[in-house]
Amino acid sequence: MDLLNYAFMQRALIAAALVGITAPAIGTYLVQRRQAVMGDGLGHVAMTGVALGFLLNTSPVWMATLVAVVGAVGMELIRSRGRTSGDVALAMLFYGGLAGGVMIINLAPNGSTTNLVSAMFGSITTVAPEDVTAMLILAAFVIAVTIGLRRQLFAVCQDEEFAKVTGLPVRALNLLLAVTAAVTVTVAMRIVGLLLVSAMMVIPVAAAQRVTRGFAATLGLAIAISLAVSLGGTAATYYVDVPSGATIVLIAIGVFLATTALSAPLARRRANAARAAEEVCTRDDVKVRAAS
Amino acid sequence: MQSTPAAALDQPVISLRGATASLGSRPVLRGVDLTVRRGEVVALLGANGSGKSTAVRSVVGQVPLSSGELSLFGTDLKQFRAWSRIGYVPQRTTAASGVPATVREVVSSGRLARTRFGLLRKADRAAVERALALVDMESHADVSVNALSGGQHQRVLIARALAVEPELLIMDEPMAGVDLANQEVLANALREQVKAGSTVLLVLHELGPLEPLISRAVVLRDGCVVHDGPPPKAVGQHALPGHDHVHPHAAHDAEPLRTGLLS
């Protein structure tokens, strides 16, 4: 394992592990409430932050976090109002963020659009030592929220009206979820890239739920798949000169296809086992089987 | 919080006075009075669009009242925080969510009002199992809710409301789209709750197997209460006061015919 001898590679692998854990951790909730596109939008918005960081000569990771969090709060406010024009407002936010990034980077003294490319698609060589510290702090926040508050977030994403009547602070939890998604985007920026980050929030979850029945199991399996894929993809770029983000996403899609192929025989076996376990068919059982 | 002072026993569990509410620009409640006392099982009846769903959703604070007063357990809604005393069954949402969840996971989420920081202790897990047993779903606890029939899905939503061990159950059309076998299961679960002293407010389209449990019926029509008293005894839903059915003989009525769809 000579790849571990290089400091840049160690940093890249740490960063990959953090992405691997955090992206599907938040992604599971986004997929649950059918808001999978949110990560994509936040990635676009964060582009303005990266460019601002370049222009002001400050850390692009922290600047991207700041701008993405502001964008996330805006998106949540649009969503919670439930306006019919909500998706138009979201589109303004997405493309405004992207265009803003391109505009600002070109205003910077030595800046050009090419400076944004590594942020868009990710590159293992860009993980600076100070980035690792920032990513560790941000990832710790994401994990604390997504694992620590999983029951509350599950309830809110499953049935918002019921969660309100349960007395949960639904508005605060929704904002927290949006902010956490924004933070995850910037954790993933270096390795996967802002335009591909949403893929790691959605694909591992989609792959996991092909073979799981429960929420906790889906969350756990999605994290395991994503962690393996992003470590494997990052390691692969050490041997083959390809960009890390694209490699990781393509492997993830491969895993998704594999679990999809696996899910059909698995479902059949479960159905058979269930049939064997029951002695007499009731009216309910017939209905379940007909539905599945 | 659990024990209620004797003085509070006479207090209505739900007190809605002169409630008006609109959805968009359309007035849906036009001065509704609704009082539910401890131990009562009150059915809210009426045609589609009569405002019965809006009435229960305003009782649980999900539709803001434009005027009128609402208190729960003697506390004004604005100050009311004891949500663990209420079990709520919303009108069934059309589809399950984007990620699979087991029956037990969904029912456990109903227990959150009684937990601190969302931690499920032994007593909480026991309450979840009891709720599952009440609707006869223990054997399906680890099944994905996506794989359930409509009636079973409804049983899960009721178990979720029962998991908090509420004093007051509020249910919005719990029998909609539920076959007779599942309706019987739900009626049994409700009977157990009523026997244990629960108060129930539920929206129904027709009384069905629940009829013997209902102590009072409130019928809404165009956002107004047109009947508040004993449940209609006659055969079939034709006999319900305020029942809107497009029949030739309905023309005897001075009022224009309302199907409930547009009015």
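B:D222 is buried, because its relative accessibility is 19% and the cut-off for burial is under 20%. The model is predicted. B:D222 sits in the loop between β9 and β10 of chain B. In space, its C-alpha lies 7.1 Å from that of B:G49, although 173 residues separate the two in sequence. The points below start from this turn, then take up the sheet of chain B, its helix α1, and the interface with chain A.

**The β9-β10 hairpin of chain B**

- β9(B) and β10(B) make a hairpin, with two residues between the strands.
- B:D222 belongs to the turn and has a positive phi of about 50°.
- β9 covers residues 216-221 of chain B, and β10 covers residues 224-229.
- The two strands are antiparallel and share five bridges.
- Within this pair, B:V219 faces B:H227 of β10(B).

**The four-stranded sheet of chain B**

- Four strands of chain B build an open sheet, and its order is β2-β1-β4-β5.
- Pairing in this sheet is antiparallel.
- β2 (26-36) and β5 (75-76) of chain B are the edge strands, so named because each pairs on one side only.
- Inside the sheet, β1 (residues 14-23) of chain B pairs with β4 (residues 67-72) of chain B.
- Five bridges join β1(B) and β4(B), in the antiparallel sense.
- B:L16 is placed opposite B:L70, a residue of β4(B).
- Helix α1 (residues 52-59) of chain B packs on this sheet.
- The helix touches β1, β2 and β4 of chain B.
- The directions of α1(B) and β2(B) make an angle of about 60°.

**Helix α1 of chain B and what follows**

- Is α1(B) mostly covered or mostly open? Seven of its eight residues are buried, so the helix is mostly covered.
- The buried residues are B:K52, B:S53, B:T54, B:A55, B:V56, B:S58 and B:V59.
- Just past the helix, B:G61 adopts a positive phi of about 80°.
- B:Q62 follows in the loop between α1 and β4 of chain B.
- Why does B:Q62 count as buried? Its relative accessible area is 17%, and burial means under 20%.
- Beyond its neighbours within four places in sequence, B:Q62 contacts B:R57 in its own chain.
- B:Q62 also contacts A:E161, A:K164 and A:V165 of chain A.

**The interface of chains A and B**

- On the chain A side, 29 residues are in contact with 34 residues of chain B.
- About 2900 Å² of area is buried between the two chains.
- Carbon and sulfur atoms give 56% of that area.
- In chain A, the residues that lose the most area to chain B are A:R151, A:F162 and A:V165.
- Together these three account for 23% of what the chain A side buries.

**Polar links and the elements involved**

- Two salt bridges are found across the interface of chain A and chain B.
- The side chains of B:R57 and A:E161 form a salt bridge, at 2.7 Å from N to O.
- Seven residue pairs across the interface are in polar contact, with both residues at pLDDT 80 or more.
- Elements of chain A that give two or more residues to this side are α1 (7-32), α7 (150-158), α8 (160-165), α10 (197-209), α11 (215-239) and α13 (283-291).
- Which element gives the largest share of the chain A side? That is α7(A), with five residues.

Conventions:
Residues numbered from 1 in each chain as written. Chains lettered and ligands numbered in written order. Predicted model: local features only at pLDDT ≥ 70, side-chain atom pairs only at ≥ 80, totals over all residues. Heavy atoms only, no water. Contact = heavy atoms within 4.5 Å. Axes fitted to C-alpha atoms, helices over the stretch in contact; angles between N-to-C directions. Buried < 20%, exposed > 50% of the residue type's maximum accessible area, 1.4 Å probe, protein only. Buried area = accessible area lost by both parts, 1.4 Å probe. Salt bridge = Lys/Arg side-chain N within 4 Å of Asp/Glu carboxyl O. Polar contact = N/O pair within 3.5 Å; in protein donor to acceptor, adjacent residues only side chain to side chain.
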